[in-house]
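Thanks, everyone; I would like to take a few minutes to walk through one model with you, beginning with a single helix and working outwards from there.

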Amino acid sequence: MDEKTTRALVEAGAVKKVLIIGDGATVHVNVVTCNDTHIVTTTKGAIKTWATLDSSARWVKGIGIGKAQLEISKWLPGQKGLSL
């Protein structure tokens with residue numbers, strides 16, 4: 001689900017929960033609705049990722065969400081990312 005769709009769901013009140021998930025060296029966001037869990041993607045369809053927790057939290061706040069759950073069990077902030 002891209003940012004435009006995510007914003008529309010937030011405005012409609014369809015978002016039940018937002019998860020900020022640290023995985024390896026990157027962070028991504030999942031949006032939970034009443035029917036399913038969606039990973040936020042770019043407009044090209046790739047998973048939208050951030051390098052830091054604060055940048056992902058800023059994005060979540062910017063789309064109108066004031067509360068998010070943080071999952072960092074697989075997060076390795078010192079890990080070097082692959083440049084593909």
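Let me begin with helix α2, residues 53-62, in which Ser55, Ser56, Trp59 and Val60 are buried, where buried means under 20% relative accessible area, exposed over 50%, and partly exposed in between, with a 1.4 Å probe and protein chains only. Seen down the axis of α2, these buried residues fall within an arc of 140°, so they line one face of the helix; the arc is taken from the directions that run from the helix axis to the C-beta atoms. In general, an α-helix has 3.6 residues a turn, so residues three or four places apart point the same way. On the other side of α2, Arg58 and Lys61 are exposed.

I should say at once that this is a predicted model, in which local features need pLDDT of at least 70 and side-chain atom pairs count only at pLDDT 80 or more, while totals for chains, interfaces and linings use all residues. Residues are numbered from 1 along each chain as its sequence is written, and side-chain values use heavy atoms, with hydrogens and water left out. The mean pLDDT, the predictor's confidence in each residue from 0 to 100, is 91 for the protein, and 94% of its residues reach 70 or more.

What do the buried residues of α2 pack against? They pack against α1 (3-12), β1 (15-24), β2 (26-33) and β4 (49-50), contact meaning heavy atoms within 4.5 Å, and helices (H or I, at least four residues) and strands (E, at least two) being DSSP runs numbered from the N terminus. From the α1 side, Thr6 lies in that helix and counts as buried, at 0% relative accessibility; not counting residues up to four places away in sequence, Thr6 touches Met1, Val31, Val40, Trp59 and Ile63.

Leu53, which also lies in α2, is partly exposed, with a relative accessible area of 23%. Leaving aside neighbours within four places in sequence, Leu53 is in contact with Ile20, Val27, Leu70 and Trp75.

Finally, the core: the largest nonpolar core, meaning a set of buried Ala, Val, Leu, Ile, Met, Phe, Trp, Tyr and Cys residues joined through side-chain atoms within 4.5 Å, has 13 residues, of which Val15, Val18, Val29, Trp59, Val60 and Ile65 touch the most other members. The elements that give two or more residues to this core are β1, β2 and α2.
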